[in-house]
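Welcome! Take a moment to look over the sequence and the 3D view, and then we will walk through them together.

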Amino acid sequence: MKKPSFASKIKSFRVKVTLVLIVSMMFAVFLSNFFIYKFALNAQFAQLRDKLKMVAQTAALMVDGDELDRVPLNKDGINTPQYQDIARILLKIKEANQPIRYIYTLRKTDKEGNLQFVVDPDSLTKAGRKAKFTSLPGDLYDASRFPDLLAAFSGPSADEALSKDEWGVTLSGYAPIKDRSGNTIAILGVDMMASDVYLTQQAVHQRFQIVLLLGMAFSVLLGLLLSSRITVPL
């Protein structure tokens with residue numbers, strides 16, 4: 001059997017060195033980009049939470065707590081002037097803050113963790129009534145599943161993660177509604193659908209893919225350059 005020549009050994013050595021360098025650099029590029037990608041996603045999610053919290057807090061300040069307190073908690077409550085006035089305000093806030101899907105107010109009941117809807121402005125729109133996603137004054141809502149929602153009775157808050165209920169998968173922000181005496185009588189919530197959250201993260205995904213591909217190409221070129229500089233003197 002013919003032994004490999006010295007030249008073939010050198011060539012094989014160069015190939016091995018080149019592959020080791022390229023794989024090592026590609027792994028380093030992937031790992032660094034992965035951590036940057038995760039950091040960017042977490043930062044963007046935190047910004048969304050802060051935005052929802054701010055929208056909820058601003059909207060809550062525009063709602064007259066004493067007027068809200070006078071809305072009867074039954075299906076006829078939607079016909080009262082108080083309900084109509086507050087619903088119109090909430091609809092304007094919703095229209096001005098895309099992509100907020102739902103905006104509503106809730107107040108406590110005698111049962112811990114059980115809340116009641118007060119004003120759901122979608123009840124005044126044809127689209128809302130047709131979709132049957134509206135709630136009437138007095139409709140019960142089990143909030144015991146969502147501690148961030150209940151925390152809004154003490155101050156502005158937002159979901160730590162996407163949450164699922166009868167209306168779908170959402171990310172929500174909440175804020176307390178106070179009367180003239182400064183007492184919290186209800187909370188205001190704003191919901192953003194999960195599909196819209198994913199849409200805002202799409203730009204981060206695309207940037208990550210572009211940077212990763214460029215990094216991989218750079219690793220190949222740099223690996224070829226370094227391997228020749230290392231193997232030629234040897």
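## A strand with two neighbours

Which residue in E3 is the bridge partner of glutamine 116? The partner is leucine 140. Keep in mind as you look that this is a predicted model.

Glutamine 116 belongs to strand E2, whose two faces are both covered. On one side Asn114 and Gln116 are buried, and on the other side so are Leu115 and Phe117. E2 runs antiparallel to strand E3 (residues 140-142), and three bridges join the two. Three bridges also join E1 to E2, again in an antiparallel arrangement. Across from phenylalanine 117 in E2 you will find leucine 106.

## The overall layout

Let's step back to the whole chain. The protein has six helices and seven strands. Read from the N terminus, their order is α-α-α-β-β-α-β-α-β-β-β-β-α.

Of its 234 residues, 42% count as buried. The protein exposes about 13,900 Å², and carbon and sulfur atoms supply 62% of that area. Among contacts with a separation of 6 or more, 64% are between residues 24 or more positions apart.

## Rings that meet

Now look for the aromatic side chains. The structure holds five aromatic pairs. One of them is formed by tyrosine 104 and phenylalanine 117, which meet edge-to-face, 6.1 Å centre to centre and with 70° between the planes. This pair links distant parts of the chain: tyrosine 104 is in strand E1 (residues 100-108) and phenylalanine 117 is in strand E2 (residues 114-117), 13 residues apart.

Are these two rings' residues buried or exposed? Tyrosine 104 counts as buried because its relative accessibility is 9%, below the 20% cut-off. Phenylalanine 117 is buried too, with a relative accessible area of 5%.

Phenylalanine 117 has another ring partner, tryptophan 167. Their centres are 5.7 Å apart and their planes are at 55°, so this pair is tilted. Here the partners are 50 residues apart, with phenylalanine 117 in strand E2 and tryptophan 167 in the loop between strand E5 (163-165) and strand E6 (168-178). Tryptophan 167 is buried as well, at a relative accessible area of 17%. Ring pairs link Tyr104, Phe117, Tyr141, Phe146 and Trp167 into a cluster.

## Charges over rings

Rings can also have a charged side chain as company. The charged end of arginine 145 sits over the ring of tyrosine 141, 5.4 Å from its centre. Elsewhere, lysine 108 lies over the face of phenylalanine 153, at 4.8 Å from the ring centre.

## Two backbone details

Most residues other than glycine have a negative phi, and most peptide bonds are trans. With that in mind, find glycine 113 in the hairpin of E1 and E2, which has five residues between the strands. Glycine 113 takes a positive phi near 85°.

Next, look at the peptide bond from glutamine 98 to proline 99, which is cis, with omega near 5°. Proline 99 is placed in the loop between helix H3 (81-96) and E1.

## How confident is the prediction?

The mean pLDDT of the protein is 81, and 67% of its residues reach 70 or more. Where is confidence lowest, and where is it highest? The lowest is in helix H4 (residues 126-131), at a mean of 61, and the highest is in E2, at 96. Where pLDDT is low, the predicted coordinates should not be read in detail.

Definitions and conventions. Residues numbered from 1 in each chain as written. Predicted model: local features only at pLDDT ≥ 70, side-chain atom pairs only at ≥ 80, totals over all residues. Heavy atoms only, no water. Phe/Tyr/Trp six-rings, centres within 6.5 Å; stacked < 30°, edge-to-face > 60°. Helix = DSSP H or I, 4+ residues; strand = E, 2+ residues; numbered from the N terminus. Buried < 20%, exposed > 50% of the residue type's maximum accessible area, 1.4 Å probe, protein only. Lys NZ or Arg CZ within 6 Å of the ring centre and 35° of its normal. pLDDT = per-residue confidence, 0-100. Contact = heavy atoms within 4.5 Å. Areas by Shrake-Rupley, 256 points an atom, 1.4 Å probe, with all protein chains shown as cover. Pairing = 2+ DSSP bridges.
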